[in-house]
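Below are some notes on the helix packing and the aromatic contacts of this model, set out as numbered points. Please read them with the structure open beside the text.

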Amino acid sequence: VGRGQPFHRPLLWWRLAAWSLGLGPLLWLVWRVLQADLGPNPVETLEHQTGLWALRLLLATLAMTPLRQLIGRVEPIQVRRLLGLWAYAWVTAHFAIYLTFDLEWSAAALAEDLVKRTYITLGFAGWLLLLPLALTSTRGWQRRLKRRWQSLHRLIYPAVILGGLHFLWLVKSDLREPLLYLGILALLLGLRKPWRVILRARSSPPARTS
Ligand code: HEM
């Protein structure tokens, strides 16, 4: 790379980090499946691991905007879509494992669970809200929808809230883990507005006194 030419190495590292976060745990899980190392209840382990990674990746996606403001670099925004797509892949894998092993793809059983189990209703609603985001994630759709794309992608907030509540609902006794995730979510959501106000105040010239 010559002098003055844009040097894209930082973005490469960010992309690598995002891919590692999305693909790394998947490879680890596949390895555990191949080694028959999923414990006494393999389906439960798969549901738990995919659910946890879905939630972690959704939170990582949401963390990119505050991170950009914190470090003053654009790379977090450039890998945000990639992280979001990985999150969606994990949620869908999570859903597919439940459909395959718990319900054997019975629509009637799904309908029954949706009515009878609140945590399934919450999780399903979260997955459903993420669906249009995944479908319109391409650059073509981004161009076609213009500003509406950004509005549409705000659906990620209620979707993650539903995912967090789904986790809270399904645990029976120890609420610490879901509350930790919901706490991080609250922090990430809470960080948005005040940050913008603080940064705007910092970047605007000081008001004249005379
Ligand atoms: C935004 C979407 C979702 C997120 C973030 C999410 C996240 C999670 C998390 C974190 C867990 C618990 C993992 C643990 O116990 O360590 C879990 C468990 C589970 N989720 Fe989801 N989930 C989502 C959507 C769904 C959907 C759409 C379904 C099915 C309709 C579903 C079905 C289940 C089941 C059956 C379990 C295991 C329950 C048990 O252990 O009894 N989830 N999910």
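1. A word on the source comes before the details: the model is predicted, and every value below should be read as a property of that predicted model.

2. The packing of helix α2 against helix α4 is a convenient place to begin. Helix α2 covers residues 42–71 and helix α4 covers residues 80–102, and their axes, which come within 8 Å of each other, cross at roughly 160°. Angles over 145 degrees count as roughly antiparallel, and α2 and α4 are therefore roughly antiparallel to each other. The crossing in which α2 passes α4 is left-handed. Sorted by residue type, the contact of α2 with α4 comprises 16 nonpolar, seven polar and three charged residues.

3. Within α2, Thr61 deserves a separate look, since the helix holds this residue and its surroundings can be listed. Is Thr61 buried or exposed? Its relative accessibility is 7%, and because buried means under 20%, Thr61 counts as buried. When neighbours within four places in sequence are set aside, the residues in contact with Thr61 are Arg80, Leu83, Gly84, Ala87 and Ile156.

4. Helix α2 also meets helix α1, which spans residues 9–34; here the axes come within 12 Å and cross at roughly 170°. That angle makes α1 roughly antiparallel to α2. On the α1 side the contact involves Trp14, Leu21, Gly22, Pro25, Leu29, Arg32 and Val33, while on the α2 side the residues include Thr45, Gln49, Trp53, Leu57, Ala60 and Met64. The residues of this contact of α1 with α2 divide into 12 nonpolar, four polar and one charged.

5. Gly164, placed in helix α9 (residues 156–170), is another position to inspect. With a relative accessibility of 4%, Gly164 counts as buried. Not counting residues up to four places away in sequence, Gly164 touches Leu55 and Leu182. As for Leu180, its C-alpha lies 9.7 Å from that of Gly164, with the two positions 16 residues apart in sequence numbering.

6. How many aromatic pairs does a search of the whole structure find? The search gives eight aromatic pairs. In one of them, Phe95 with Phe124, the ring centres are 5.7 Å apart and the planes stand at 70°, so the pair is edge-to-face. Phe95 belongs to helix α4 and Phe124 to helix α6 (residues 118–135), so this pair ties together parts that are 29 residues apart in sequence. The partners can also be described by accessibility: Phe95 is buried, with a relative accessible area of 13%, whereas Phe124, at 22% relative accessibility, counts as partly exposed.

7. Phe124 has a further ring partner in Trp127, and this aromatic pair is tilted, with 6.0 Å from centre to centre and 35° between the planes. Being three residues apart in helix α6, Phe124 and Trp127 are separated by about one helical turn. Trp127 itself is buried, with a relative accessible area of 16%.

8. These rings can finally be viewed as a group, in that Tyr88, Phe95, Tyr98, Phe124 and Trp127 form one aromatic cluster. A reader following this cluster may wish to recall that Phe95 lies in helix α4 and Phe124 in helix α6, and that α4 is the helix whose axis comes within 8 Å of that of α2.

Conventions: Residues are numbered from 1 along each chain as its sequence is written. This is a predicted model: local features need pLDDT of at least 70, side-chain atom pairs count only at pLDDT 80 or more; totals for chains, interfaces and linings use all residues. Side-chain values use heavy atoms; hydrogens and water are left out. Axes are lines fitted to C-alpha atoms, for helices over the stretch in contact, and angles run from 0 to 180 degrees between N-to-C directions. Helices (H or I, at least four residues) and strands (E, at least two) are DSSP runs, numbered from the N terminus. Angles under 35 degrees count as roughly parallel, over 145 as roughly antiparallel, 65 to 115 as roughly perpendicular and the rest as oblique. A crossing is left-handed if the near helix is turned anticlockwise from the far one by less than a right angle, and right-handed if clockwise. Ala, Val, Leu, Ile, Met, Phe, Trp, Tyr, Cys and Pro count as nonpolar, Asp, Glu, Lys and Arg as charged, and the others, Gly among them, as polar. Buried means under 20% relative accessible area, exposed over 50%, partly exposed in between (1.4 Å probe, protein chains only). Contact means heavy atoms within 4.5 Å. Rings of Phe, Tyr and Trp (its six-membered ring) pair if their centres lie within 6.5 Å; planes under 30 degrees apart count as stacked, over 60 as edge-to-face and the rest as tilted.
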